[in-house]
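The questions below ask how certain labels are earned. Each answer sets a value against a criterion and draws the conclusion.

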Amino acid sequence: MSTPLNCVIVGSGPAGYTAAIYAARANMNPVLYTGKEPGGQLMITTDVENFPGYPQGVMGPQMMEDLKNQAERFGTKIISEFITDFDHNTEGPHKLTSETGEEILAHTVIISTGASAKWLGIPSEQTFMNKGVSACAVCDGFFFRGMDVAIVGAGDSAAEEALYLSKLCTKVHMLVRRDEMRASKIMQERVLATDNIEIHWNTETDEIIGDDEVEGVKVFNNKTKETQTLDVKGFFVAIGHKPNTDLFKGTLDMDDTGYLVTKPGSTKTNVEGVFASGDAQDSVYRQAITAAGTGCMAALDAERYLTEKGII
Ligand code: NDP
């Protein structure tokens, strides 16, 4: 096994890249493993209008490319692999294993593994996965140009994706399980003002139907119990996310839903030298800017740790 690295960053969303920028500029020679979804959730977002410094907005993938370039400019080594194993060591460097089987020792580990899309859990969702079922309108909406689609969810993600789909598709059926939406007022207003989005209140999905590909969705009204079949070719799920923290189960403290727990006012986990940033530890704010902020904090916490231990 090679000499321990000062700092390994796991994940490549705004948290990971920001941690990398700070760590590289502090001469920590960080190595960043991108994970399975390089760039994270912003890769499947269109306009980011609320990140300070972009008065005209910026496309999510462009922002991630910029962050990656900025991290590389200061010497971050970026490896396009995911980490499959994590073995903490209270005495010394921690051990990580990459998908290739390579074992990596690291004095500090910054976790920025983010969160992934949640699914409804109905069997037909799996049957038609990538055959009309998708959790990413921006990735797959293009395939449904000029067609009718349905989208489940009522948060900001669902609203944003419904609006995106409304520009490509003939009609967007938005399936909302309650009689109100969770999305912010401005997003709700935009959805309600869009002619080709039809909101189905109190409506849940029974099953997705079709032969080889999606041809419709059976839905029911949970108040009136009425059922109906919507003729749609695409079925989008936008019901929230799950933190990508399974790798750390049994080692790092996490809450009931899997979000990593950090010491108040810091990014320190319960294991020395291991820091958590971004959506993997944030069930509340979950914004690109807050993820970037905690990525910065994690790099500063890691630098202090390395200095205190006399490693740098
Ligand atoms: P949220 O958790 O905010 O919303 C999830 C939505 O999915 C809720 O409306 C929920 O319904 C619904 N839902 C959950 N499970 C089911 C189910 N089994 N069947 C039907 N509906 C279901 O997740 P989001 O991903 O929308 O947003 C996460 C965070 O990211 C939020 O803080 C949001 O503000 C932020 N965000 C901000 C954006 C921006 O500013 N541009 C863009 C996207 C997200 P119910 O309401 O009934 O619980």
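Q: What makes a stretch of residues a strand here?
A: A strand is a DSSP run of E with at least two residues, and strands are numbered from the N terminus. The model is a predicted one. In it, S98 has its place in strand β7.

Q: Why is S98 called buried?
A: Buried means under 20% relative accessible area. S98 has a relative accessible area of 1%, so the label applies. Apart from neighbours within four places in sequence, S98 is in contact with Y33, E81, F82, I83, T84 and I104.

Q: What makes the pair S98 and E81 a polar contact?
A: The criterion asks for N or O atoms within 3.5 Å, one able to donate a hydrogen and the other to accept it. The side chains of S98 and E81 are joined at 2.9 Å, in a polar contact.

Q: How do you know that β6 and β7 pair?
A: Pairing requires at least two bridges found by DSSP. Strand β6 (residues 83-87) and strand β7 (residues 94-98) have four, in the antiparallel sense. One of the bridge partners is K95 in β7, matched with D87. The link from β6 to β7 is a hairpin of six residues.

Q: Why is H107 counted as buried?
A: The limit is under 20% relative accessible area. H107 stands at 17%, and therefore counts as buried. H107 belongs to strand β8 (residues 103-111). Leaving out residues up to four places away in sequence, H107 touches P4, L5, N6, P93, H94, G273, Y305, L306 and I311.

Q: Why is A117 put in the class it has at 30% relative accessibility?
A: Buried ends at 20% and exposed begins over 50%, with partly exposed in between. A117 has 30%, so partly exposed is the class that fits. A117 is in strand β9 (residues 115-117). Beyond residues up to four places away in sequence, A117 touches A135, G240 and H241. The C-alpha atoms of A117 and N50 are 21 Å apart, with these positions 67 residues apart along the chain.

Q: What makes β14 and β16 edge strands?
A: The order of the open sheet is β14-β15-β16, with antiparallel pairing. β14 (203-210) and β16 (227-230) each have a single partner strand, so each has one side without a neighbour in the sheet. On average, neighbouring strands of this sheet are turned by 25° against each other, direction ignored.

Q: How do you know that β15 pairs with β14 and with β16?
A: At least two bridges are needed for a pair. β14 and β15 have seven, antiparallel, and four bridges join β15 (residues 214-221) to β16, also antiparallel. F220 of β15 stands opposite E204, and its bridge partner in β16 is T227. A hairpin of three residues joins β14 to β15.

Q: What makes β17 a partner of both β10 and β11?
A: The threshold is again at least two bridges. Strand β10 (residues 133-134) and β17 have two, in the parallel sense, which meets the threshold. β11 and β17 have four, also parallel. In β17, V133 has F235 as its bridge partner, and V149 has G234.

Q: How do you know that both faces of β17 are covered?
A: Side chains in a regular strand alternate between the two faces of the sheet. In β17, G234 and F236 lie on one side and F235 and V237 on the other, and all are buried.

Q: What does helix α5 pack against?
A: The buried residues of α5 (residues 156-166) are A158, A159, E161, A162, L163, L165 and S166. These pack against α4 (137-140), β11 (148-152), β12 (171-175), α6 (185-192), β13 (197-200) and β17 (234-237).

Q: Which residues come nearest to the ligand?
A: Of the 17 residues around the ligand, these are D156, S157, R177, R178 and R182. The largest share of the shell, three residues, comes from α5.

Q: How do you know that the ligand has polar contacts with S157, R182 and G155?
A: The limit is 3.5 Å between N or O atoms. A ligand oxygen is 2.6 Å from an N or O atom in the side chain of S157, and one is 2.5 Å from such an atom in the side chain of R182. For G155, a polar backbone atom is 3.3 Å from a ligand oxygen. The protein covers 76% of the 920 Å² of accessible area that the ligand has on its own.

Conventions:
Residues numbered from 1 in each chain as written. Predicted model: local features only at pLDDT ≥ 70, side-chain atom pairs only at ≥ 80, totals over all residues. Heavy atoms only, no water. Axes fitted to C-alpha atoms, helices over the stretch in contact; angles between N-to-C directions. Buried < 20%, exposed > 50% of the residue type's maximum accessible area, 1.4 Å probe, protein only. Contact = heavy atoms within 4.5 Å. Near = heavy atom within 4 Å. Areas by Shrake-Rupley, 256 points an atom, 1.4 Å probe, with all protein chains shown as cover.
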